[in-house]
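Okay everyone, thanks for coming. Have the sequence and the structure open in front of you, and let's walk through a few spots together.

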Amino acid sequence: MDAQEIAELRELMDYEGRRKGPPEGYPKFPDMPAGRYNSEEFYKLEKEEYWTKVWMMAGHMDEIPEVGSYKLWEMSGEPMLIVRGKDNVARAFYNTCSHRGAPVIQEAYGQAKGGLACKYHGWTYDFEGNLINLRDKRDFVDLDMDCRGLFPVRTEQFGKLIFITLDDDAIPLREFLGPVASQWDDFDFANTRLVHHYTWNLECNWKIAMEANMEVYHVKSIHPDTVDAGLDYRKNVNTLYPHGHSRMVAPTPEAVLAAMPPKPDHIPEIESVGELPRTTTYSFHVDPNLVSPMGQTLFPMLFFWPDGLRKTKYELYWIGADWGDGEMPQEWKDQIDYFNVVITEDTQFGDWIQKSADSIAFKGVPLCYQESRIYHTHENIDRVIGLNKVPDHLAVKQVLGEDWIYPNDSKLRLAESEKMKQAAE
Ligand code: FES
Ligand SMILES: [Fe+2]
């Protein structure tokens, strides 16, 4: 991020702090229909028309560290495996043997030598998914081995992050990430390391769980003893990007920054991370289901996977600067423990909200300006599904015009004209 962008963001933080209401001309959000959280009809639309078209992060190369290392991946609801090839590239395939559909792998993680052998009758595939060996080939008539490889899934990497899409026509990953990609370059995903990875099960719709991480309006109420002191939520700046992505930047109060002890030498840093992630809460949302508050040493990437209309798998990947040999810093274990307290606070109402969402009391969701990232992602969900496919009783109205989507951002124009007015007075 260059100096001008940093200056603009600082300006916008001041603007957010002093504004008396939403920016002039900002759309008022119509209530979002309750059915988006409680209806099988919308859930089916999401599964069939949304999740099948987006890029999903399916893993980290450190999970499959050697040639032939593999992992099972079923978060999308489809049975898949991901394997590191001889060229050190990750490839994803359906975990579906081309003979009679037995699983090629069953373990969460494993290491293959030479190939992946199905345990049912021994058909064996190389790490590029080609069928390379089968027993008693003489008993199959005209079997064309070239046509009997594993069914591939489109895969791309962003450094060591592994993404997949079920859509062969999807735009390339970097284009999908848009302006997020160039900012992520600062976090050196090719060299940072996987520190920790675990999954929680939640009893609510995936969007209920995810949306707790997409606004700071809740901070005063549910994080009074944790996040609140370190984040000036009234100066938070939301930036909306194409494809439903967004970013929030909320400054850490000066007094908190000043009181921070210097970082001990043994804690490594991602040198290329700029000033803002070091002095703010700097968090991205990437559609469909990623939220990541990023920093210069250790940071989490949070994923919210639908596991049924009313169930979510909440998956956390912790990414850290390369700490060299040996154990990671003890301080990071403490940081992860602390963050788990924060996410317990964030997730505490999920099952309660789901119960409400299933009741007649829950008619719809009125969102305020601070919650614009949530509305933005819902608009995008409908666009990806197809506006003509979402019935009126489930649709959100498309009200966020181009004026409010990056690189346009009318807030900046308003902040500047306010400043000019002040200077003239
Ligand atoms: S089902 Fe895999 S070898 Fe028969
Ligand atoms: Fe929170």
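Let's start with what helix H3 leans on: its buried residues pack against helix H2 (35-38), H6, E17 and helix H12 (372-385). Before I go on, keep in mind that this is a predicted model. Which residues of H3 are the buried ones? They are Phe42, Tyr43, Leu45, Glu46, Glu49 and Tyr50. Look down the axis of H3 and those buried residues fall within an arc of 165 degrees, so they line one face of the helix.

Two of those names come back when we turn to salt bridges. How many salt bridges does the structure hold? There are 23. In one of them, the side chain of Glu46 meets that of Lys207, at 2.7 Å from N to O. That pair links distant parts of the chain: Glu46 sits in helix H3 (residues 40-50), Lys207 sits in helix H6 (residues 206-211), and they are 161 residues apart. And are these two buried or exposed? Both Glu46 and Lys207 are buried.

The other name is Glu49, and here we get a network: salt bridges link Glu49, Lys53 and Lys389.

Now for some pairs with a bit more access. Asp87 and Arg91 form a salt bridge, and their closest N and O atoms are 2.6 Å apart. Asp87 has a relative accessible area of 41%, so we call it partly exposed. Arg91 comes in at 22% relative accessibility, and because buried means under 20%, Arg91 counts as partly exposed too.

Then there's Arg310 with Asp358, another salt bridge, where the closest N and O atoms are 2.7 Å apart. Where do the two partners lie? Arg310 is in the loop between strand E17 (298-306) and strand E18 (312-320), while Asp358 is in the loop between helix H11 (350-357) and strand E19 (364-365), so this pair ties together parts that are 48 residues apart in sequence. Arg310 is partly exposed, at 35% relative accessibility, and Asp358 is partly exposed as well, at 36%.

Okay, on to the metal. What coordinates the iron ion, ligand 2? That would be His218 through NE2, His223 through NE2 and Asp346 through OD, at 2.0 to 2.1 Å. If you want to find those donors in the sequence, look for the spacing H-x4-H-x122-D. His223 and Asp346 bring distant parts of the chain together: His223 is in the loop between helix H7 (219-222) and strand E13 (237-240), Asp346 is in helix H10 (residues 330-347), and 123 residues separate them. Why do we call these two buried? For His223, it's because the relative accessibility is 2%; for Asp346, it's because the relative accessible area is 13%.

Last stop is the largest pocket. If you roll a probe the size of a water molecule over the atoms, you see where empty space is left. In the largest pocket, that space is about 1,400 Å³. Its lining takes in 47 residues, and nearest the centre are Met260, Thr280, Thr281, Gln335 and Tyr338. Which elements each supply at least two lining residues? Helix H8 (254-259), helix H9 (275-279), strand E15 (280-286), strand E16 (290-294), E17 and H10. The largest share, 7 residues, comes from H10, and H10 is also the helix that holds the iron ligand Asp346.

That's my tour. Questions are welcome.

Notes
Residues numbered from 1 in each chain as written. Chains lettered and ligands numbered in written order. Predicted model: local features only at pLDDT ≥ 70, side-chain atom pairs only at ≥ 80, totals over all residues. Heavy atoms only, no water. Donors = N, O, S within 2.8 Å, 3.2 Å for Na, K, Ca; no water. Helix = DSSP H or I, 4+ residues; strand = E, 2+ residues; numbered from the N terminus. Buried < 20%, exposed > 50% of the residue type's maximum accessible area, 1.4 Å probe, protein only. Salt bridge = Lys/Arg side-chain N within 4 Å of Asp/Glu carboxyl O. Arc of directions from axis to C-beta. Contact = heavy atoms within 4.5 Å. 1 Å grid on protein atoms, 1.4 Å probe; cavity = no way out; pocket = protein on both sides within 12 Å on 5 of 7 lines; lining within 4 Å. Points joined across faces, edges and corners; volume = space filled by probe spheres on them.
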